[in-house]
Amino acid sequence: MCDTAIQDLYAEEFANCFGCGRNNQHGLQLKSHWQGDECICRHTPKSHYTGGVPGFLYGGMIASLIDCHGAATAAAAKSRESGEPISRFVTASLNVDFVKPTPIGIELEIRGKATEIKNRKVTVALQLFAGETLCATGKMILVQLKN
Ligand SMILES: CCCCCCCCCC(=O)SCCNC(=O)CCNC(=O)[C@H](O)C(C)(C)COP(=O)(O)OP(=O)(O)OC[C@H]1O[C@@H](n2cnc3c(N)ncnc32)[C@H](O)[C@@H]1OP(=O)(O)O
């Protein structure tokens, strides 16, 4: 696994995101790491992010985890393909399927893979696991910000 998180390579002006900005003291500060041929993010949500049924996670938080990790996956995949430094991608399209209720209280693992890289546009497929259980999947289209 690469030691440096993708989000720690974002330029300062793009490091303020609620989900993954290292400079957002009130945010989740998610970290994503390239591992093998995919990108991995691990996070244990706090219990107040419940969706209303105690012990289960709010769907909006699930989408947020997928969203930010998808952006990091796109940035890493594009950088690996082009040989250029990590750049910032933003979400153009986000589709989430909630497969099983997601428990709170255990570490979640989100796995991302780029399925297509076409110029500034990267398509990413994601899976969110609680232990061995696949709880959600995502499909995203991300666009590289222009310089
Ligand atoms: C400068 C700072 C801007 C920061 C924006 C706020 C981001 C904050 C971080 C997040 O929270 S990300 C989640 C929220 N996302 C956004 O707020 C993004 C809002 N949308 C945009 O800013 C623009 O629509 C976007 C940058 C995504 C694309 O605009 P561009 O003018 O740069 O790209 P363009 O329209 O040329 O499209 C590039 C390619 O992406 C494709 N594309 C764009 N939007 C799409 C879409 N929605 N679905 C599918 N494909 C899409 C488009 O067809 C094209 O494909 P091709 O190259 O194959 O022709």
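**The ligand shell, the strands and the nonpolar core**

The strand β3 gives the most to the shell around the ligand, with four residues. Helices (H or I, at least four residues) and strands (E, at least two) are DSSP runs, numbered from the N terminus. The model is a predicted one, in which local features need pLDDT of at least 70 and side-chain atom pairs count only at pLDDT 80 or more, while totals for chains, interfaces and linings use all residues. Residues are numbered from 1 along each chain, as its sequence is written.

A residue belongs to the shell if its C-beta atom, placed from the backbone, lies within 6 Å of the ligand. Cys 17, Val 90, Thr 91, Ala 92, Ser 93, Lys 118, Asn 119, Arg 120, Lys 121, Ile 141, Val 143 and Leu 145 meet this criterion. At least two residues each come from β3 (89-98) and β6 (133-144). By class, the shell holds six nonpolar, three polar and three charged residues, where Ala, Val, Leu, Ile, Met, Phe, Trp, Tyr, Cys and Pro count as nonpolar, Asp, Glu, Lys and Arg as charged, and the others, Gly among them, as polar.

Asn 119 also appears in the hairpin of β4 and β5, which has two residues between the strands; there Asn 119 takes a positive phi near 55°. β4 and β5 pair in the antiparallel sense over 10 bridges, pairing being defined as at least two DSSP bridges between two strands. Within this pair, Gly 112 has Leu 126 of β5 as its bridge partner. β4 is also joined to β2 by five bridges, again antiparallel, and His 43 stands opposite Leu 108 in β4.

The largest nonpolar core has 33 residues, and Ile 62, Leu 65, Ile 66, Ala 72, Ala 74 and Leu 128 touch the most other members. Such a core is a set of buried Ala, Val, Leu, Ile, Met, Phe, Trp, Tyr and Cys residues joined through C-beta atoms within 7 Å. Buried means that 20 or more other C-beta atoms lie within 10 Å of a residue's own, exposed 12 or fewer, and partly exposed in between, with C-beta atoms placed from the backbone. α1 gives the most to this core, with 11 residues.

Ala 75 is found in helix α1. Ala 75 counts as buried because 26 other C-beta atoms lie within 10 Å. Beyond its neighbours within four places in sequence, Ala 75 is in contact with Ile 6, Ile 86, Ser 87, Arg 88 and Phe 89, contact meaning C-beta atoms, placed from the backbone, within 7 Å.

Notes
Two residues are in contact if their C-beta atoms, placed from the backbone, lie within 7 Å.
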